[in-house]
Amino acid sequence: MQSFLKSTVPDSQEKNANLVKGEEVKLKAKYPGLGQKPGGSDFLMKRLQKGQKYFDSGDYNMAKAKMKNKQLPVAGPDKNLVTGDHIPTPQDLPQRRSSLVTSKLAG
């Protein structure tokens, strides 16, 4: 009985392999260009080489801003000013500058 199982298993595998080969031949005859280009069609490759397309100006500006934000931020002119260490008092605050334009509410 074991010899019967051993002889039928390889035969069924060979039949399956032959069926698959036959189907592949039919498919290649029907679609000759199938599977030749791993990167896709020429049209797709041409579109990908042109670069990124943007939906509108907002998308373009957001992408542009992301490129600028990749640079490290530069500290302002007062590098030794630390915020959040203490609660400011009126004596700690700098004097206000007088305005050249007078307010209508101040009158």
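**Exercise 1.** Are glutamate 23 and lysine 26 buried or exposed, and what links the two residues in this predicted model?

*Solution.* Begin with the surface: glutamate 23 is exposed, and lysine 26 is exposed as well. Next, turn to the contact between them, where glutamate 23 and lysine 26 form a salt bridge whose closest N and O atoms are 3.9 Å apart. This distance can be set against the cut-off, since a salt bridge asks for a side-chain nitrogen of Lys or Arg within 4 Å of a carboxyl oxygen of Asp or Glu. Then consider the positions in the chain: both residues belong to helix H1 and stand three residues apart, which means that about one helical turn separates them. As a general rule, an α-helix has 3.6 residues a turn, so residues three or four places apart point the same way. Finally, count such contacts, and the structure turns out to hold one salt bridge.

**Exercise 2.** Determine how many helices and strands the protein chain has, and state what share of its residues is buried.

*Solution.* Counting the elements gives three helices and zero strands, and reading from the N terminus on, their order is α-α-α. For the second part, buried residues make up 0% of the 107 residues in the chain. Helix H2 can serve as an example, because the count of buried residues among its eight residues is zero, and this helix is hardly covered.

**Exercise 3.** Find the residues that form a nonpolar patch on the surface, and name those that form a positive one.

*Solution.* The nonpolar patch consists of Leu27, Tyr31 and Leu34, which together have about 300 Å² of accessible area. Of these residues, leucine 34 can be placed in the loop between helix H1 (2–30) and helix H2 (42–49). The positive patch, in turn, is formed by Lys46, Arg47, Lys50 and Lys53. Taking lysine 50 as one of its members, we find this residue in the loop between H2 and helix H3 (57–69), and its relative accessibility of 56% makes lysine 50 count as exposed. While looking at this stretch of chain, note also that glycine 51, just after H2, takes a positive phi of about 110°.

**Exercise 4.** Work out how many aromatic pairs the whole structure contains, and classify what you find by its ring geometry.

*Solution.* The search finds one aromatic pair. In this pair, the ring centres of tyrosine 54 and tyrosine 60 lie 5.3 Å apart and the ring planes stand at 80°, so the arrangement is edge-to-face. To complete the picture, check the exposure of each partner: tyrosine 54 is partly exposed, with a relative accessible area of 35%, and tyrosine 60, at 40% relative accessibility, likewise counts as partly exposed.

Key: Residues numbered from 1 in each chain as written. Predicted model: local features only at pLDDT ≥ 70, side-chain atom pairs only at ≥ 80, totals over all residues. Heavy atoms only, no water. Helix = DSSP H or I, 4+ residues; strand = E, 2+ residues; numbered from the N terminus. Buried < 20%, exposed > 50% of the residue type's maximum accessible area, 1.4 Å probe, protein only. Patch = residues over 30% accessible without salt bridge, like charges linked within 9 Å, V, L, I, M, F, W, Y side chains within 5 Å. Areas by Shrake-Rupley, 256 points an atom, 1.4 Å probe, with all protein chains shown as cover. Phe/Tyr/Trp six-rings, centres within 6.5 Å; stacked < 30°, edge-to-face > 60°. Lys, Arg positive; Asp, Glu negative; His and termini not counted. Charge placed at Lys NZ, Arg CZ, Asp CG, Glu CD.
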